[in-house]
Amino acid sequence: MNGKRFWFVLTLLPTLYCGSTVRAGEIGLFWKPFGFSDVGLHKEPVLNGFYWLLPWNDIYTYSTQWNAYKEKVDVLTNDDLKIDVQAIIIMRPIREEVYQLHIEVGPEYYRSIVQPEFRASIRNVVSHHQMIQISKNSAVLARDIKTAVIERTKGKHIEVFDVILDDIEYSSNMLHAIETKLTKQQELEQQKYELEIAEKNIEIAKKGREPMRKRS
């Protein structure tokens, strides 16, 4: 009988424990919901490695590496033209403030605090420019968006490395209008060029007649 109990306990023991891995480039926070001591979320970070846990305990992990997130935002430009702007933000949690980030926001911090501010910053910055200026000044716009996001997320326990304007999409109607405008500009330039050539030819012809008049 004792032998059966021994094997039963031996079989049951592995089910009472589970494991959690904190990978390289991550930081963990140990969660202990109940017990005799150290109950709750531990402030001391858990470094990378494998940890055995009781089933009711857990480790919340956060990546401390730079991560890129892409957003596509429809924007009305300063000259009332609708465009779609794709921008990328490169960011990460501040390592020393992961505990506060988890307490105040949680693992969905990008969707909760960064994404809405990033999208709002894109709209606000781009809407102050005319459509024709956006592609030419993409680096300046990206810098201004980055500055706006940093200001909007100040004190939110994240840091922004960079913002990149990845792509600008125009509607088919706008592309047709741009193409028509460019075609007209090319036609005007061609007409101007032909007129200049004609005027030069007339001037050359006049100069060619002057010596003949003097001889007569």
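**Group meeting: a sheet, two cores and a buried serine**

Let's start with the sheet. It is open, has 3 strands, and runs in the order β3-β2-β5 with antiparallel pairing. β3, residues 40–41, and β5, residues 58–63, stand at the edges. Each has a single partner strand, so one side of each is left without a neighbour in the sheet.

Now the β2 and β5 pair. How many bridges join β2 and β5? There are 6, in the antiparallel sense. Here is one to find on screen: Ile 27 has Tyr 62 of β5 as its bridge partner.

A word on confidence. This is a predicted model. The mean pLDDT of the protein chain is 83. Of its residues, 83% reach 70 or more. Be careful with residues 6–10, where pLDDT stays under 50. For that stretch the model has 0 contacts beyond four places in sequence.

On to the packing. The largest nonpolar core has 32 residues. Those with the most contacts inside this core are Ile 83, Ile 89, Tyr 109, Phe 118, Ile 122, Val 126 and Ile 145. Several elements give two or more residues to this core, including β2 (26–32), β7 (82–93), α3 (109–126), α5 (138–152) and β8 (158–170). Which element gives the largest share? That is α3, with 8 residues. The core also draws on both domains: at least three residues come from each of domain 1 (16–63) and domain 2 (67–171).

Apart from this core lies another one, of 5 residues. Phe 30, Val 46, Leu 53 and Ile 59 are among them.

Back to the larger core, and to Phe 118. I leave aside its neighbours within four places in sequence. Phe 118 is then in contact with Tyr 69, Glu 71, Ala 87, Ile 88 and Ile 89. The list goes on with Tyr 110, Ile 145, Val 149 and Val 163.

Last stop, Ser 121. This residue is found in helix α3. Is Ser 121 buried or exposed? Its relative accessibility is 1%. The cut-off for buried is under 20%, so Ser 121 counts as buried. Where does its side chain find a polar partner? A polar atom of the Ser 121 side chain lies 2.7 Å from the backbone oxygen of Glu 117. Beyond four places in sequence, Ser 121 is in contact with Ile 145, Ala 148, Val 149 and Arg 152. Ile 145 and Val 149 are also on the contact list of Phe 118.

That's the tour. Questions, please.

Terms used. Residues are numbered from 1 along each chain as its sequence is written. This is a predicted model: local features need pLDDT of at least 70, side-chain atom pairs count only at pLDDT 80 or more; totals for chains, interfaces and linings use all residues. Side-chain values use heavy atoms; hydrogens and water are left out. pLDDT is the predictor's confidence in each residue, from 0 to 100. Contact means heavy atoms within 4.5 Å. A nonpolar core is a set of buried Ala, Val, Leu, Ile, Met, Phe, Trp, Tyr and Cys residues joined through side-chain atoms within 4.5 Å. Buried means under 20% relative accessible area, exposed over 50%, partly exposed in between (1.4 Å probe, protein chains only). Helices (H or I, at least four residues) and strands (E, at least two) are DSSP runs, numbered from the N terminus. Domain bounds come from an automatic or database domain assignment. Two strands pair if DSSP finds at least two bridges between them. A polar contact is a pair of N or O atoms within 3.5 Å; within protein, one must be able to donate a hydrogen and the other to accept it, and residues adjacent in sequence count only if both atoms are side-chain atoms.
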